[in-house]
Amino acid sequence: MQRYPMTPQGHAALEAELKTLKTVDRPRITASIAEAREHGDLKENAEYHAAREQQGFCEARIRDIEAKLSGAQVIDPAALPREGRVIFGVTVVIENLDTEEEKTYQIVGDDEADFKAGKISVNSPIARGLIGKSEGDEVRIETPSGVVEYEIMKVIYE
(Lines give C-alpha, C1' and ligand atoms only; values in the text may rest on other atoms or scores of the structure.)
Protein backbone atom coordinates (compact mmCIF):
# COMPACT_ATOMS: atom_id res chain seq x y z
CA MET A 1 0.00 0.00 0.00
CA GLN A 2 1.34 3.40 -0.96
CA ARG A 3 1.77 5.91 1.88
CA TYR A 4 0.86 9.57 1.34
CA PRO A 5 2.69 11.95 3.70
CA MET A 6 0.58 14.94 4.70
CA THR A 7 0.35 17.55 7.39
CA PRO A 8 -2.59 17.56 9.83
CA GLN A 9 -3.97 20.60 7.96
CA GLY A 10 -3.75 18.79 4.61
CA HIS A 11 -5.48 15.73 6.07
CA ALA A 12 -8.29 17.90 7.44
CA ALA A 13 -8.67 19.68 4.09
CA LEU A 14 -9.01 16.37 2.23
CA GLU A 15 -11.58 15.14 4.74
CA ALA A 16 -13.56 18.38 4.31
CA GLU A 17 -13.44 18.08 0.51
CA LEU A 18 -14.60 14.45 0.72
CA LYS A 19 -17.51 15.43 2.98
CA THR A 20 -18.54 18.20 0.57
CA LEU A 21 -18.35 15.86 -2.42
CA LYS A 22 -20.49 13.24 -0.68
CA THR A 23 -23.06 15.48 1.02
CA VAL A 24 -23.40 18.43 -1.38
CA ASP A 25 -22.06 17.68 -4.86
CA ARG A 26 -23.18 14.04 -5.22
CA PRO A 27 -26.85 14.75 -4.31
CA ARG A 28 -26.90 17.86 -6.53
CA ILE A 29 -25.58 15.89 -9.50
CA THR A 30 -28.03 13.04 -8.87
CA ALA A 31 -30.89 15.56 -8.86
CA SER A 32 -29.58 17.07 -12.12
CA ILE A 33 -29.53 13.64 -13.76
CA ALA A 34 -33.07 12.91 -12.60
CA GLU A 35 -34.29 16.28 -13.90
CA ALA A 36 -32.55 15.79 -17.25
CA ARG A 37 -34.12 12.33 -17.63
CA GLU A 38 -37.55 13.88 -17.33
CA HIS A 39 -36.87 15.89 -20.50
CA GLY A 40 -37.24 12.77 -22.62
CA ASP A 41 -34.92 11.36 -25.30
CA LEU A 42 -31.53 10.72 -23.66
CA LYS A 43 -29.61 10.38 -26.94
CA GLU A 44 -29.79 14.09 -27.72
CA ASN A 45 -30.09 15.42 -24.18
CA ALA A 46 -27.05 17.62 -23.53
CA GLU A 47 -28.06 18.33 -19.93
CA TYR A 48 -28.18 14.60 -19.18
CA HIS A 49 -24.77 13.94 -20.74
CA ALA A 50 -23.20 16.91 -18.93
CA ALA A 51 -24.64 15.75 -15.59
CA ARG A 52 -23.40 12.19 -16.17
CA GLU A 53 -19.92 13.56 -16.98
CA GLN A 54 -19.98 15.60 -13.76
CA GLN A 55 -21.02 12.48 -11.87
CA GLY A 56 -18.04 10.60 -13.29
CA PHE A 57 -15.62 13.33 -12.24
CA CYS A 58 -17.18 13.53 -8.78
CA GLU A 59 -17.07 9.78 -8.18
CA ALA A 60 -13.47 9.57 -9.43
CA ARG A 61 -12.40 12.36 -7.05
CA ILE A 62 -14.19 10.64 -4.15
CA ARG A 63 -12.33 7.38 -4.88
CA ASP A 64 -9.03 9.28 -5.18
CA ILE A 65 -9.48 11.09 -1.86
CA GLU A 66 -10.63 7.92 -0.07
CA ALA A 67 -7.53 6.07 -1.33
CA LYS A 68 -5.23 8.88 -0.18
CA LEU A 69 -6.88 9.14 3.23
CA SER A 70 -6.68 5.38 3.74
CA GLY A 71 -2.96 5.51 2.96
CA ALA A 72 -2.31 8.80 4.74
CA GLN A 73 0.73 9.16 6.91
CA VAL A 74 -0.06 12.28 8.95
CA ILE A 75 3.13 13.95 10.14
CA ASP A 76 2.88 16.78 12.65
CA PRO A 77 6.13 18.77 12.55
CA ALA A 78 5.30 20.37 15.92
CA ALA A 79 5.57 16.95 17.56
CA LEU A 80 8.98 16.16 16.05
CA PRO A 81 12.33 16.89 17.73
CA ARG A 82 13.55 20.40 16.93
CA GLU A 83 17.04 19.75 15.65
CA GLY A 84 17.26 22.61 13.16
CA ARG A 85 17.10 20.18 10.25
CA VAL A 86 14.77 20.47 7.28
CA ILE A 87 12.14 17.73 7.46
CA PHE A 88 8.63 17.16 6.14
CA GLY A 89 6.14 19.76 7.36
CA VAL A 90 8.57 22.46 8.44
CA THR A 91 8.71 25.95 7.06
CA VAL A 92 12.13 26.90 5.74
CA VAL A 93 13.56 30.30 4.83
CA ILE A 94 16.20 30.11 2.11
CA GLU A 95 18.29 32.75 0.39
CA ASN A 96 19.37 32.54 -3.22
CA LEU A 97 23.13 33.15 -3.02
CA ASP A 98 23.27 34.77 -6.47
CA THR A 99 20.36 37.20 -6.15
CA GLU A 100 20.21 37.45 -2.32
CA GLU A 101 16.45 36.93 -2.64
CA GLU A 102 14.80 35.23 0.34
CA LYS A 103 12.00 32.72 -0.10
CA THR A 104 9.88 30.98 2.51
CA TYR A 105 8.43 27.54 1.82
CA GLN A 106 6.56 24.95 3.81
CA ILE A 107 7.33 21.38 2.75
CA VAL A 108 4.02 19.51 2.42
CA GLY A 109 2.45 16.49 0.72
CA ASP A 110 1.64 16.41 -2.99
CA ASP A 111 -2.05 17.25 -2.54
CA GLU A 112 -1.30 20.23 -0.31
CA ALA A 113 1.29 21.84 -2.58
CA ASP A 114 0.49 25.39 -3.69
CA PHE A 115 3.56 27.22 -4.93
CA LYS A 116 1.88 30.63 -4.86
CA ALA A 117 0.99 30.09 -1.19
CA GLY A 118 4.56 29.05 -0.39
CA LYS A 119 3.76 25.34 0.00
CA ILE A 120 5.98 23.01 -2.01
CA SER A 121 5.65 19.27 -2.48
CA VAL A 122 8.07 17.04 -0.61
CA ASN A 123 8.77 15.53 -4.06
CA SER A 124 9.73 18.85 -5.70
CA PRO A 125 13.38 19.44 -6.65
CA ILE A 126 13.77 22.23 -4.09
CA ALA A 127 12.31 20.20 -1.22
CA ARG A 128 14.35 17.12 -2.11
CA GLY A 129 17.49 19.27 -2.08
CA LEU A 130 16.66 20.77 1.32
CA ILE A 131 15.49 17.67 3.23
CA GLY A 132 18.04 16.59 5.82
CA LYS A 133 20.04 19.82 5.69
CA SER A 134 20.40 22.21 8.64
CA GLU A 135 20.27 25.95 9.27
CA GLY A 136 23.36 27.62 7.82
CA ASP A 137 23.98 24.91 5.21
CA GLU A 138 24.53 25.88 1.60
CA VAL A 139 22.88 23.63 -0.97
CA ARG A 140 23.02 23.32 -4.74
CA ILE A 141 19.65 22.44 -6.19
CA GLU A 142 18.96 21.32 -9.74
CA THR A 143 15.87 23.25 -10.84
CA PRO A 144 14.17 23.36 -14.25
CA SER A 145 16.00 26.65 -14.90
CA GLY A 146 19.41 25.25 -13.91
CA VAL A 147 21.50 24.80 -10.77
CA VAL A 148 20.74 27.33 -8.02
CA GLU A 149 22.68 27.77 -4.79
CA TYR A 150 20.75 28.51 -1.61
CA GLU A 151 21.63 29.06 2.03
CA ILE A 152 19.19 27.78 4.64
CA MET A 153 18.53 30.80 6.82
CA LYS A 154 15.90 29.43 9.20
CA VAL A 155 13.93 26.26 9.91
CA ILE A 156 10.54 26.78 11.59
CA TYR A 157 8.67 23.94 13.27
CA GLU A 158 4.99 24.87 13.47
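This briefing describes the side-chain contacts of the structure shown above, beginning with its salt bridges and ending with its aromatic rings. The model is predicted, and the contacts are therefore best read as features of that predicted model. The count of salt bridges comes to ten, while the count of aromatic pairs comes to one.

**A salt bridge between two helices**

- The side chains of Glu59 and Arg26 meet in a salt bridge, with a distance of 2.9 Å from N to O.
- Because Glu59 belongs to helix α2, which covers residues 46–70, and Arg26 belongs to helix α1, which covers residues 8–37, this pair ties together parts that are 33 residues apart in sequence.
- Glu59 counts as partly exposed at 22% relative accessibility, and Arg26 counts as partly exposed at 29%.

**A salt bridge within helix α2, and a network**

- Lys68 forms a salt bridge with Asp64, and the closest N and O atoms of this pair are 3.4 Å apart.
- Both Lys68 and Asp64 lie in helix α2, where they are four residues apart, or about one turn of the helix.
- Lys68 is buried, its relative accessible area being 14%, whereas Asp64 counts as partly exposed at 30% relative accessibility.
- Lys68 and Asp64 also belong to a network of salt bridges, in which they are linked with Glu17, Arg61 and Asp111.

**A salt bridge between Glu83 and Arg85**

- The side chains of Glu83 and Arg85 meet in a salt bridge, for which the distance from N to O is 3.2 Å.
- Glu83 counts as exposed, with a relative accessibility of 51%, while Arg85, at 34% relative accessibility, counts as partly exposed.

**The aromatic pair**

- A pair of aromatic rings is described by two quantities, namely the distance of the centres and the angle of the planes.
- The count of such pairs here is one, and in this pair the ring centres of Tyr105 and Phe115 are 5.7 Å apart with their planes at 35°, so the pair is tilted.
- Tyr105 lies in strand β4, which covers residues 102–108, and Phe115 lies in the loop between β4 and β5 (119–121), so the pair ties together parts that are ten residues apart in sequence.
- Tyr105 counts as buried at 6% relative accessibility, whereas Phe115 is exposed, with a relative accessible area of 54%.

Definitions and conventions: Residues numbered from 1 in each chain as written. Predicted model: local features only at pLDDT ≥ 70, side-chain atom pairs only at ≥ 80, totals over all residues. Heavy atoms only, no water. Phe/Tyr/Trp six-rings, centres within 6.5 Å; stacked < 30°, edge-to-face > 60°. Buried < 20%, exposed > 50% of the residue type's maximum accessible area, 1.4 Å probe, protein only. Salt bridge = Lys/Arg side-chain N within 4 Å of Asp/Glu carboxyl O.
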